[in-house]
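Colleague: I would like a close look at a single part of this protein, taken slowly and with its surroundings. Could you start from the second largest pocket and work outward from there?

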Amino acid sequence: MKMAHKKALSRMIAAAALAGASTCAVAADTIKIALAGPVTGPVAQYGDMQFIGAKMAIEQINQAGGVTGAQLEGVVFDDACDPKQAVAVANRIVNEGISFVVGHLCSSSTQPASDIYEEEGILMITAASTSPDITDRGYQMVFRTIGLDSLQGPTAGNFIVEQIKPQKVAVIHDKQQYGEGIATAVRDVLLANDVEVPVFEGITAGDKDFSALIAKLRQAGVDFVYYGGYHPELGLILRQAGEQGLDVRFMGPEGVGNTDISAIAGESSEGLLVTLPKAFDQDPKNAHLVEAFKAKNEDPSGPFVFPAYAAVQVIADGIKIADSTDTEAVAEALRSNSFETPTGTLSFDEKGDLKNFNFVVYEWHADASKTALTE
């Protein structure tokens, strides 16, 4: 038995003893899944996407009879997309004896939290974190139902090279693991294709005034800007660039593909290019799910809604295949099988990454709608 699982078993026995119950009774009725991500903070909208997707999957699985005779229960934990808070959340999940996690959302939070989950034998599936670093460490308890920046970056970079054909590109990021990672991947594709990148630098997340950056972009004579990070900062950059007469096109990753970017940037968000997962809500086979979300006045179109649904589903299916809630057995089931989900047929490699995932380039519009430019 691995040390992590010895610790997990000891923790469960201790918890059962404190509760005056047997370990069998504790596990019989309910399987808890921690839903970890931002309830608060500047990117809480993305947390909402994850939470509504996961909760819908839990509800529908329970209505269909649950998992091996047990009902699923989602327990929400707020990490505010802050690495320190994510570690605190992970420790709370350990202390509460929860064995499965859907989350976290921001890569910079997912990575330190996953260290704890791996050590404690807790199985985690992120539906949103795209940094390759998360699954590059040989962990056995870490999975994801979304693609990697090592795929998303080249998708964006190659589109810029082949379709936009700019002369000079500025690549900006927010100095965080996700933003800087995806920006670096895009820059490397541009440089490999002899596209000049005179500006590659970071801004500080939370900044409000980007006049100095806009002046630098104008001085450098760039005709295209790629931004790695989240929508609050890019929305302000777009708006201020428009107000200050900088007429260049921008592009960003799925972290900027939020309706709030149109609320922040207004007309300046028109024509923004965004890489996003496929619009799973537009797939006819998911029409019944779309109706179920709309019946709850929930928006099914966010990029993390359906990947979060799929994360819960593969946990449930993995438990069924393993005929056990032992996380090591479930992890083995995930790596050894494929799963039919609303995001397609999913199968995992040894790292816990999806074997197949496609990012699509969209043109964003000021009314927060989008048009697919690639398949």
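Modeller: What follows starts at the second largest pocket and then moves to the helices and sheets around its lining. Please keep in mind that this is a predicted model.

The second largest pocket holds about 390 Å³ of space, and of the 24 residues that line this pocket, Met49, Asp299, Ser301, Gly302 and Pro303 are the closest to its centre. Sorted by class, the lining comprises 12 nonpolar, 7 polar and 5 charged residues. Three elements, α3, β10 (273-277) and α12 (305-322), each supply at least two residues of the lining, and the largest share, 4 residues, comes from α3. I will take these three elements in turn, with their partners.

Helix α3 (residues 44-63) meets helix α11 (residues 287-295), their axes coming within 11 Å and crossing at roughly 110 degrees, which means that α3 is roughly perpendicular to α11. On the α3 side the contact uses Ile52, Gly53, Met56 and Gln60, and on the α11 side Leu289, Ala292 and Phe293. By class, the residues of this contact are 5 nonpolar and 2 polar, with no charged residue among them.

Helix α11 also reaches α12, where the axes come within 13 Å and cross at roughly 105 degrees, and α11 and α12 are therefore roughly perpendicular to each other. Here Leu289, Val290 and Phe293 of α11 touch Val305, Phe306 and Tyr309 of α12, and the contact divides into 6 nonpolar, no polar and no charged residues. Leu289 and Phe293 thus appear in the contact with α3 and in the contact with α12.

From α12 the view opens onto an open sheet of 5 strands, ordered β2-β1-β3-β4-β5 and paired in parallel. The edges are taken by β2 and β5 (142-144), each of which has a single partner strand, so one side of each is left without a neighbour in the sheet. On average, neighbouring strands of this sheet are turned by 25 degrees against each other, direction ignored. Within the sheet, strand β1 (residues 30-37) runs parallel to β3 and is joined to β3 by 4 bridges, with Ala36 standing opposite Gly103 in β3. Helix α12 packs on this sheet by touching β1, β2, β3 and β4 (123-126), and its direction makes about 160 degrees with that of β3. Helix α13 (residues 327-336) packs on the sheet as well, touching β3, β4 and β5, with a direction at about 40 degrees to that of β4.

Gly103 deserves a second glance, since a cis peptide bond joins Gly103 and His104, with omega at about -5 degrees. His104 itself lies in the loop between β3 (100-103) and α5 (107-120). A further backbone detail is found at Cys81, a residue other than glycine whose phi is positive, near 55 degrees; Cys81 sits in the loop between β2 (71-78) and α4 (83-95).

The remaining element of the three, β10, belongs to an open sheet of 7 strands with mixed pairing, in the order β7-β6-β8-β9-β10-β13-β14. At the edges of this sheet stand β7 (196-202) and β14 (370-372), each with a single partner strand, so one side of each is left without a neighbour in the sheet. Its neighbouring strands are turned by 25 degrees against each other on average, direction ignored. Strand β6 (residues 168-173) and strand β8 (residues 224-228) run parallel and are joined by 5 bridges, and Val171 stands opposite Tyr226 in β8. Helix α7 (residues 177-192) lies across β6, β7 and β8, running at about 165 degrees to β6, while helix α8 (residues 211-220) lies across β6, β7 and β8 at about 170 degrees to β7.

Finally, a word on enclosed space: the structure holds 1 cavity of 30 Å³ or more, and the volume of the largest cavity is about 50 Å³. Its lining includes Leu105, Cys106, Ser107, Tyr178, Tyr230, Glu254 and Phe304, and by class the lining has 6 nonpolar, 4 polar and 1 charged residues.

Conventions
Residues numbered from 1 in each chain as written. Predicted model: local features only at pLDDT ≥ 70, side-chain atom pairs only at ≥ 80, totals over all residues. Heavy atoms only, no water. 1 Å grid on protein atoms, 1.4 Å probe; cavity = no way out; pocket = protein on both sides within 12 Å on 5 of 7 lines; lining within 4 Å. Points joined across faces, edges and corners; volume = space filled by probe spheres on them. Nonpolar A, V, L, I, M, F, W, Y, C, P; charged D, E, K, R; others polar. Axes fitted to C-alpha atoms, helices over the stretch in contact; angles between N-to-C directions. Parallel < 35°, antiparallel > 145°, perpendicular 65-115°, else oblique. Contact = heavy atoms within 4.5 Å. Pairing = 2+ DSSP bridges.
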